[in-house]
Amino acid sequence: MTDWKKCFICQQSKNEPLRSTKECLETLSRNIPEFNECGILHFDYNRLYDRVSNDTLSLLTIFMNNNACYHNQCSSKYSNSKLQRAKLSIQKRAASASKN
C-alpha cells in the first residue's frame with residue numbers, strides 16, 4: 001500500500017523536497033507501466049493500486065486523486081530519455097541473443 005504523503009516512488013522521507021506537477025505526473029503515468037513491462041521498474045508497481053482503486057482507473061487518475069508527490073531524483077529515473085535508452089538496450093540484447 002502506498003503512503004501518498006511520501007514520495008510515491010521511493011516511499012522514503014529525504015532532505016529533498018517533494019514535488020507534484022501535472023506534466024511530470026502525466027509522464028510518469030505513461031512511463032512507469034512501460035518500465036514495468038520492460039522488467040526494470042525499481043519499485044512494486046502493484047502497490048500503486050490499493051483496494052480502493054483498480055486497474056480500470058488510469059494511473060494518472062490515481063496520482064491526481066491521491067495528490068501524488070515525488071522527489072525529483074526519483075522521478076528522473078523514469079524519464080522519456082531513460083525509457084528510450086532502456087528499450088534500445090533491450091532490443092540490442094534480444095538481437096544479440098537471436099544471433100547466438
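**Reading a charged loop and its surroundings**

Modeller: Let's start at Lys-77, which sits in the loop between α3 (72–75) and α4 (80–99). Helices here are DSSP runs of H or I with at least four residues, strands are runs of E with at least two, and both are numbered from the N terminus. The model is predicted, local features need pLDDT of at least 70, side-chain atom pairs count only at pLDDT 80 or more, and totals for chains, interfaces and linings use all residues. Residues are numbered from 1 along each chain as its sequence is written, and side-chain values use heavy atoms, with hydrogens and water left out.

Colleague: Thanks! How many helices and strands does the protein chain have, and in what order do the elements run?

Modeller: The protein chain has four helices and two strands, and from the N terminus the order is β-α-α-β-α-α. Its C-alpha atoms fill a box of roughly 50 × 30 × 20 Å along the principal axes.

Colleague: Back to Lys-77: is this residue buried, partly exposed or exposed?

Modeller: The general scheme is that buried means under 20% relative accessible area, exposed means over 50%, and partly exposed lies in between, with a 1.4 Å probe and protein chains only. Lys-77 has a relative accessible area of 40%, which means that it is partly exposed. For the protein chain, buried residues make up 35% of the 100 residues.

Colleague: And which residues gather with Lys-77 in a patch of positive charge?

Modeller: A patch takes residues with over 30% relative accessible area and no salt bridge, joining like charges within 9 Å and nonpolar side chains (Val, Leu, Ile, Met, Phe, Trp, Tyr) within 5 Å. Lys and Arg count as positive, Asp and Glu as negative, while His and the chain ends are not counted. Here Lys-14, Lys-82 and Arg-85 join Lys-77 on the surface.

Colleague: What about salt bridges: how many does a search of the whole structure find?

Modeller: Side chains of opposite charge can pair when their charged atoms come close. The criterion is a side-chain nitrogen of Lys or Arg within 4 Å of a carboxyl oxygen of Asp or Glu. The search finds one salt bridge: Lys-87 pairs with Glu-34, their closest N and O atoms being 2.3 Å apart. Lys-87 belongs to helix α4 and Glu-34 to helix α1 (residues 22–38), so the pair ties together parts that are 53 residues apart in sequence. Lys-87 is partly exposed at 28% relative accessibility, and Glu-34 is partly exposed at 27%.

Colleague: Now a buried side chain, please. Which residues does Phe-43 touch?

Modeller: Contact means heavy atoms within 4.5 Å. Leaving out residues up to four places away in sequence, Phe-43 touches Ile-9, Ile-32, Leu-48 and Tyr-78. Phe-43 is in the loop between α1 and α2 and has a relative accessible area of 11%, so it is buried. Across the protein chain, 75% of the contacts with a separation of 6 or more link residues 24 or more positions apart.

Colleague: Last one, on backbone angles: what is phi of Asn-67?

Modeller: Most residues other than glycine have a negative phi. Phi of Asn-67 is near 50 degrees, a positive value in a residue other than glycine. Asn-67 lies in the loop between α2 (59–65) and β2 (70–71), and is exposed at 57% relative accessibility. Gln-11 also has a positive phi, near 60 degrees, and is found in the segment before β1 (18–19).

Note on methods: Areas by Shrake-Rupley, 256 points an atom, 1.4 Å probe, with all protein chains shown as cover. Charge placed at Lys NZ, Arg CZ, Asp CG, Glu CD.
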